[in-house]
Amino acid sequence: MLGSLVGRPVERGAARAQLRVVTPGADAFRHLVERQLDASYRLAAVILDDRVEAEDAVHDAAVAAWRGFAALRDPDRFDAWFRRILVNGCRDRLRARARRRVVDVGRELADAEHPRVADVAEATAVRDALARAIDSLAPEEQVLVALRFHADLTVPAIADALAIPEGTVKSRLHHAMGRLRTALAEADR
Amino acid sequence: MSERDDDLRLERELRGLLGDRDPGPAPYGLRERVDRVPGRDAAGESVAERARRAIVAALGLAAAVVLVLVAVPLVAKPPGPGPGGPPMPVVTFDPTLHGPGLVPPPALEAEVLVVLGLLIVAGLVLAVAPSGPRRALAAFVLVAGLAVGGAQILLTHAAAGPVASSGGIGVRNVEPSDPARDGRYPVYVTAAPGDPFSFGFSVRNEGPLPIRLEGVVRDPAVHDGVVDYPTLRALWRDGSSQGGVTGPTGPVAPFGPIDLGPGEFTVLWLVWTASPCAAGPSFEPIGDETALVGIPELRVAYSVLGFARTAVIDLPFEILQPYQATCPALD
């Protein structure tokens, strides 16, 4: 059963106040995770572009978070902490995926033999080109793009989520956008 | 279209693309899975996971113990006196002395333990580390460690070469004879049953790496239990620091570990006692039909780069002990 603290139903927003007076336990953990489960799942799905893998990523993040939950000193930081765990897990999955990346032979052949097919719907072609460009980015940059343009996080918030300096966020974002811009321009030709 | 327009369009396309990936609220199945996470146990682990972590921890502890057991003797080993080092305390040669310089055969060579420890540690890291850079780093460490360990083993085996023994014989209670057919001089033990006899030999480090002589291997399986064989008793170091040979009647010292640089050598004396069946001083080499026994194969124990090695002592002479045809000790 979700959404209860010490056996009592908890109103959204009241969790933090109650966490200060109760020992962090299973119910508190469930409530905190459940509170951002939708956002976490959506973020993971956007980063990974795979709903099944996103479910696994969120579940794994929950397991990792539960293991470290007792050591979390400031429950107010739970959301950022959990997001960091989730994003790191997604990044690792992207890395693993990059190592076992296979070429979609069917699509490559179709594009090569029937280039006019892609012109039928220009908008779709542009979207496909952009999607491929995102896939070709480094895992860290893919995560960063998702956090910036889907989660709408600011540069400081992204830096906090990824535990990297703001300058690094800016430079990686700049690099990623440069490649995406190039991909978009090529798709327009 | 201006650059700003391009950027705005790119951002719009990006948001649209990422928005298309957005699946909406989390499905019920995921909620159930996440809801069960804290119920696994108090530590957030299943019983199988706890058992796995306990095994991993135990193996890690074992690996650490193995590494410490290997590393401590390598690091803490005191330097031995080399040929140019401080002189050994010289004492009167005591042919009845037992023990010094005789070492048991190496049981499990250190590099085997090192490689084993590396494998265990790297395997543990690979098992515990999640996929990603830490796992890749562990794999790299595993490969690099094995490569370095393998290279070191090859280096110490192949490049160091055997410790050669040649020339220089001094005798006590043994009788040299004419050259034998293979060029090795037969040397007959003339000590009475139970009496000591000794002979000297030189050991040269012919490899490119410094070595430490640890003694002569006394393998109970080889040297004990055969009543008509002589018994290996002790190893002495010749007292001359200038490369000369003083012999057992001159200055000598009980053996201690000796460091030898490439090309350096030292002279050693092995002390034995004749077997209860030895023919003794009455033996006549020519025309005598007394049976002869040789001494078992001798190996010098040494270490190179901290790894234990042995090499056969290739004596330029053949020690032969005549023994009585009718030996009371065999009855």
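Glu141(A) counts as buried in the predicted model, since 20 C-beta neighbours lie inside 10 Å. This residue belongs to helix H9 of chain A. Leaving aside residues up to four places away in sequence, Glu141(A) touches Arg172(A), His175(A) and Ala176(A). The pairing with Ala176(A) spans 35 residues in sequence, yet the two C-alpha atoms are 6.2 Å apart in space.

The chain in which Glu141(A) sits contains 11 helices and two strands. Along the sequence its elements follow the order β-β-α-α-α-α-α-α-α-α-α-α-α. Of the 189 residues in chain A, 34% are buried. When contacts in chain A between residues at least 6 apart in sequence are considered, 59% of them join residues at least 24 apart.

Helix H2 of chain A, which covers residues 26-35, is largely enclosed by the rest of the structure, because seven of its 10 residues are buried. The buried positions in H2(A) are Asp27(A), Ala28(A), Phe29(A), Arg30(A), His31(A), Leu32(A) and Val33(A).

Helix H10 of chain A, formed by residues 155-162, has Ile158(A), Ala161(A) and Leu162(A) as buried residues. Viewed down the axis of H10(A), these buried residues fall within an arc of 85 degrees, so they line one face of the helix. They pack against three helices of chain A, namely H5 (78-99), H9 (139-149) and H11 (166-188). Just after H10(A), a positive phi of about 60 degrees is found at Ala163(A).

The packing of H10(A) against H5(A) can be described in further detail. The two helices meet at an angle of about 70 degrees, and their axes are 8 Å apart. H5(A) and H10(A) are therefore roughly perpendicular to each other. On the side of H5(A), the contact involves Ala80(A), Arg83(A), Arg84(A) and Val87(A), while H10(A) contributes Asp160(A), Ala161(A) and Leu162(A). By class, the residues of this contact comprise four nonpolar, no polar and three charged. Ala161(A) and Leu162(A), listed among the buried residues of H10(A), thus take part in the contact with H5(A) as well.

Chain B comprises six helices and 15 strands. Buried residues account for 29% of its 331 residues. Among the contacts in chain B between residues at least 6 apart in sequence, 80% link residues at least 24 apart.

The contact between the two chains draws 25 residues from chain B and 34 residues from chain A. On the side of chain B that touches chain A, the elements giving two or more residues are helix H1 (3-21) and helix H2 of chain B. H1(B) supplies the largest share of that side, with nine residues. In terms of class, the residues on this side of chain B divide into 12 nonpolar, four polar and nine charged.

One pair of packed helices across the two chains consists of H9(A) and H1(B), whose axes lie 10 Å apart at an angle of about 95 degrees. That angle makes H9(A) roughly perpendicular to H1(B). From H9(A), the contact involves Val145(A), Ala146(A) and Phe149(A), and from H1(B) it involves Glu11(B), Leu14(B), Arg15(B) and Leu18(B). The contact of H9(A) with H1(B) is made up of five nonpolar, no polar and two charged residues. H9(A), the helix that holds Glu141(A), is also among the helices against which the buried residues of H10(A) pack.

Confidence in the prediction was also examined. The model scores ipTM 0.73 and pTM 0.44. In chain B the average pLDDT is 71, and 59% of the residues score at least 70. Confidence within chain B is highest in helix H2 (residues 28-36), at 88, and lowest in strand S2 (residues 163-166), at a mean of 53. Over residues 166-170 of chain B the pLDDT is below 50, and this stretch has 19 contacts in the model beyond near neighbours in sequence. Helix H2 of chain B, where the confidence of the chain is highest, is one of the elements that give two or more residues to the side touching chain A.

Notes. Residues numbered from 1 in each chain as written. Chains lettered and ligands numbered in written order. Predicted model: local features only at pLDDT ≥ 70, side-chain atom pairs only at ≥ 80, totals over all residues. Buried ≥ 20, exposed ≤ 12 C-beta atoms within 10 Å, placed from the backbone. Helix = DSSP H or I, 4+ residues; strand = E, 2+ residues; numbered from the N terminus. Arc of directions from axis to C-beta. Contact = placed C-beta atoms within 7 Å. pLDDT = per-residue confidence, 0-100. Nonpolar A, V, L, I, M, F, W, Y, C, P; charged D, E, K, R; others polar. Axes fitted to C-alpha atoms, helices over the stretch in contact; angles between N-to-C directions. Parallel < 35°, antiparallel > 145°, perpendicular 65-115°, else oblique.
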